[in-house]
Amino acid sequence: MTETISLRTARRIALAAQGFGRLRPGSPGRSHVRDLVRKLGVVQIDSVNVVTRTHYLPGFSRLGHYPREALEAEAWGPKRSLFEYWGHEASLMPMELQPLFRWRMQRAQEGAMWTGIARFGRERRDYIDGVLVEIQRRGPVTGGDFASGPRGQPGWWEWSDGKRALEWLFWAGMITTKTRNGFERVYDLTERALPARIIDLPTPDEADAQRELVRIAARALGVATEADLRDWFRMPVAETKARIAELVEAGELTPVQVKGWRQIAYLAPDARTPRKVTGQALLSPFDNLIWARDRTERLFGVRVRLEIYTPAHKREHGYYVLPFLEDEAITARVDLKSDRKAGVLLVQAAWREPDTTPDTPMRLATELKLMAGWLGLDRVKVVGKGDLAEALESAL
């Protein structure tokens, strides 16, 4: 019979698997960043810079006041441990995972991309091959290298087609990010950009690679449904189902029923079940813990939605909203903005959740002050609305 576990137990397992509930290190650095990304398997990249770009935030949530330069060095420095590819959207992942995605790169070469880029690949393959030859000749390039005149005007290559060609080659694994200038990718041939020790690793069988990706997702999630496991690395439906069945048969995943969940879940073999989880964290809307909205609702009973693309007058909570994790519950959410010129972290809205406690305003204020210092800002200021705004302002 399938074991049944409580929702509270599932939540504690998930939080522990994600690196919450532990004391933050006193002086976090590059080794902590490396260990964290290995634990998570993947960190999503996003360009929105209202607070700071999202790939910096999972480290802050779990490590506290770590130097952002540590992540930059691991991601784009000369002795980096991470690489960029389409993992969970555009992502940073441990370098040693690169062979596990070669099956996806091969499928991309065969046309399995999003519709527009796939069509471009079919219709303009000669052009794409020409771009690849030019990169071989030139060395590292950016999108801007494919327009000799002002942006938007035809150059050696027309701007938008050049960008599409780079995206096709990136998805197909023929080029990758060597480094970044600011936030702009600098591309090079994969065999020149990545260490020889990675390039020389054997390419695993497609099923073997997929099984390992499911294992990594299971460890990072702790307890997860089939949909949760599939979403971690955006795996195909049929293949994920088959790989999970194989891992269950091998005793590497244990089916469990979580009270209140409609689907069967799968427990990772080494998943910890702490007696309680303590601590606090501000969560990026793209944080691994909450990026799957259905899972977030199942775990925490909180409906989290990204409202960046919602018209301002229709937004419920704000533009760039960070939920606040307090011990084992999401107790509040804040719409934040870094006013770098004034040196202020602005709280444009602060909202209570059903699990808000009397301690929430003070604990949230403490975390906001820590974030402001980490971002190089002088203070936190409440300037907006919300049913928690007044209490938060008093706590600050």
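Does E353 count as buried or exposed, and at what relative accessibility? In this predicted model, E353 counts as buried because its relative accessibility is 11%, under the 20% cut-off. The residue lies in the loop that runs between β13 (344–352) and α15 (360–374). Its side chain makes a polar contact of 2.5 Å with the side chain of R333. R333 also appears among the contacts of E353 once neighbours within four places in sequence are left aside. The others in that set are V302, H317, I330, T331 and A332.

A second glutamate, E74, sits in helix α4 (residues 68–76). E74 has a relative accessibility of 1%, and therefore counts as buried. Two polar contacts involve its side chain. One, of 2.4 Å, reaches the side chain of R30. Another, of 2.5 Å, reaches the side chain of S81. E74 and R30 are 44 residues apart along the chain, yet 7.0 Å separates their C-alpha atoms. With neighbours within four places in sequence set aside, the contacts of E74 comprise R30, V33, R34, R80, S81 and L82.

Helix α2 spans residues 30–40. Its buried residues are V33, L36, V37 and L40. These residues lie on the same side of α2, because they cover an arc of only 95° around the axis. V33, one of the buried residues of α2, is also in contact with E74. Just after α2, G41 adopts a positive phi of about 85°.

A further packing arrangement involves helix α1 (residues 7–17) and helix α14 (residues 293–300). Their axes come within 9 Å and cross at roughly 125°. The two helices are therefore oblique to each other. On the α1 side, the contact is made by L7, A10, R11, A14 and L15. On the α14 side, R295, R298, L299 and F300 take part. By residue class, the contact of α1 with α14 divides into 6 nonpolar and 3 charged residues, with no polar ones.

How values were computed
Residues are numbered from 1 along each chain as its sequence is written. This is a predicted model: local features need pLDDT of at least 70, side-chain atom pairs count only at pLDDT 80 or more; totals for chains, interfaces and linings use all residues. Side-chain values use heavy atoms; hydrogens and water are left out. Axes are lines fitted to C-alpha atoms, for helices over the stretch in contact, and angles run from 0 to 180 degrees between N-to-C directions. Helices (H or I, at least four residues) and strands (E, at least two) are DSSP runs, numbered from the N terminus. Angles under 35 degrees count as roughly parallel, over 145 as roughly antiparallel, 65 to 115 as roughly perpendicular and the rest as oblique. Contact means heavy atoms within 4.5 Å. Ala, Val, Leu, Ile, Met, Phe, Trp, Tyr, Cys and Pro count as nonpolar, Asp, Glu, Lys and Arg as charged, and the others, Gly among them, as polar. Buried means under 20% relative accessible area, exposed over 50%, partly exposed in between (1.4 Å probe, protein chains only). The arc is that of the directions from the helix axis to the C-beta atoms. A polar contact is a pair of N or O atoms within 3.5 Å; within protein, one must be able to donate a hydrogen and the other to accept it, and residues adjacent in sequence count only if both atoms are side-chain atoms.
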